[in-house]
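Colleague: I should like to learn how to read a structure of this kind. Could we take the features in turn, with the general idea before the particular case?

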Amino acid sequence: MPPEHHPPPRPALAPAPSPTTDPDAQLISSSQDAPQDFALLFDRHAVAIHRYVARRLGSSEADDLVGQTFLIAFERRHRYHESSAGALPWLYGIATNLVRRRRRDEVRQYRAYSRSDPGGSLEGADILAAEVASRVDAESASRALAGVLAGLRQSERDVLLLYAWEDLSYPEIADALDIPVGTVASRLHRARRALRAALGPDFLENPS
């Protein structure tokens with residue numbers, strides 16, 4: 001009887017590489033050899049970074065700091081770690097560090113608005129009142145909010161505004177500021193507590 005014939009085993013297929021979920025990783029990676037690709041990252045995120053900085057320091061300062069943010073990001077692009085949220089939290093972190101260097105200007109802006117007449121205005125203040133209040137307490141008054149923000153520690157203000165204005169999650173804020181998620185939670189809790197103390201018994205903390 002002829003020996004039983006067995007077909008040769010099929011070679012094992014190498015697992016297909018899982019596509020990255022980071023929408024910006026390819027641009028940053030390719031910019032190592034093609035720096036012009038980094039301009040596409042600027043086009044994608046510059047408006048958001050400018051809006052964030054302008055709310056904290058005003059438009060004239062934002063024009064300068066946005067350029068610095070992307071210059072630093074380009075210089076540090078080899079350190080970038082992929083994230084499902086893309087590069088935006090990373091860019092917010094760089095911008096926030098630049099804002100910290102001008103914290104006196106930021107605090108001065110909030111204090112000026114908190115003392116302003118009802119008809120007065122400060123760039124970004126109405127947005128600050130509406131958006132911070134909507135995420136923390138819908139009944140908060142804009143001038144009271146500005147006064148509280150001026151009195152917060154820098155680290156607490158950074159966390160609160162990234163959460164309230166830019167809608168970043170706790171893990172995204174942690175990535176942006178290079179701190180543990182638990183630290184994000186504790187700083188946000190302290191900021192909310194300060195708001196609650198300043199805005200009175202009608203203040204209701206948003207648990208989201």
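Modeller: The turns below go from the overall fold to single residues.

Colleague: Before we begin, how should the model and its numbering be treated?

Modeller: This is a predicted model, in which local features need pLDDT of at least 70 and side-chain atom pairs count only at pLDDT 80 or more, while totals for chains, interfaces and linings use all residues. Residues are numbered from 1 along each chain as its sequence is written, and side-chain values use heavy atoms, with hydrogens and water left out.

Colleague: How many helices and strands are there in the protein chain?

Modeller: Helices (H or I, at least four residues) and strands (E, at least two) are DSSP runs, numbered from the N terminus. The protein chain has 10 helices and 0 strands, and its pattern along the sequence is α-α-α-α-α-α-α-α-α-α.

Colleague: What share of the 208 residues in the protein chain is buried?

Modeller: A residue is buried at under 20% relative accessible area, exposed at over 50%, and partly exposed in between (1.4 Å probe, protein chains only). Of the 208 residues in the protein chain, 43% are buried.

Colleague: How does one examine a single helix, such as α3?

Modeller: The expected span of a helix is 1.5 Å times one less than its number of residues. Helix α3 (residues 59-75) has 17 residues, and the 24 Å from its first C-alpha to its last is close to the 24 Å expected.

Colleague: Which elements do the buried residues of α3 pack against?

Modeller: Contact means heavy atoms within 4.5 Å. The buried residues of α3 are Ala62, Leu65, Val66, Thr69, Phe70, Ile72 and Ala73, and they pack against α2 (38-57) and α4 (88-100).

Colleague: How many aromatic pairs does the structure hold?

Modeller: Rings of Phe, Tyr and Trp (its six-membered ring) pair if their centres lie within 6.5 Å; planes under 30 degrees apart count as stacked, over 60 as edge-to-face and the rest as tilted. The structure holds 6 such pairs. One of them joins Phe42 and Phe70, whose centres are 4.8 Å apart with planes at 65 degrees, so the pair is edge-to-face. Phe42 belongs to helix α2 and Phe70 to helix α3, 28 residues apart, and the pair links these distant parts of the chain. Phe42 is partly exposed, at 35% relative accessible area, whereas Phe70 is buried, at 5%.

Colleague: Which kind of aromatic pair do Tyr52 and Tyr92 form?

Modeller: Tyr52 and Tyr92 form an edge-to-face pair, 5.3 Å centre to centre with 75 degrees between the planes. Tyr52 lies in helix α2 and Tyr92 in helix α4, so the pair ties together parts that are 40 residues apart in sequence. Tyr52 is buried at 0% relative accessibility, and Tyr92 is buried at 1%. Together with Trp165, Tyr52 and Tyr92 form one aromatic cluster.

Colleague: Which residues touch the most other members of the largest nonpolar core?

Modeller: In soluble globular proteins, nonpolar side chains tend to be buried together. A nonpolar core is a set of buried Ala, Val, Leu, Ile, Met, Phe, Trp, Tyr and Cys residues joined through side-chain atoms within 4.5 Å. The largest one has 49 residues, of which Ile49, Val53 and Ile173 touch the most other members. Helix α2 provides the largest share of this core, 9 residues. Leaving aside neighbours within four places in sequence, Ile173 is in contact with Val159, Leu162, Tyr163, Leu168 and Val184.

Colleague: Is Glu106 buried or exposed?

Modeller: Glu106, which lies in helix α5 (residues 103-114), is buried at 0% relative accessibility. Not counting residues up to four places away in sequence, Glu106 touches Arg56, Leu57, Val99, Gln154, Arg157 and Leu161.

Colleague: Finally, where does Asp167 lie, and what is its phi?

Modeller: Most residues other than glycine have a negative phi, and most peptide bonds are trans. Asp167 lies in the loop between α8 (154-164) and α9 (170-177), and its phi is positive, near 60 degrees. Asp167 is exposed, at 54% relative accessibility. Asp178, in the loop between α9 and α10 (181-199), also has a positive phi near 60 degrees, and Asp178 is exposed at 71% relative accessible area.
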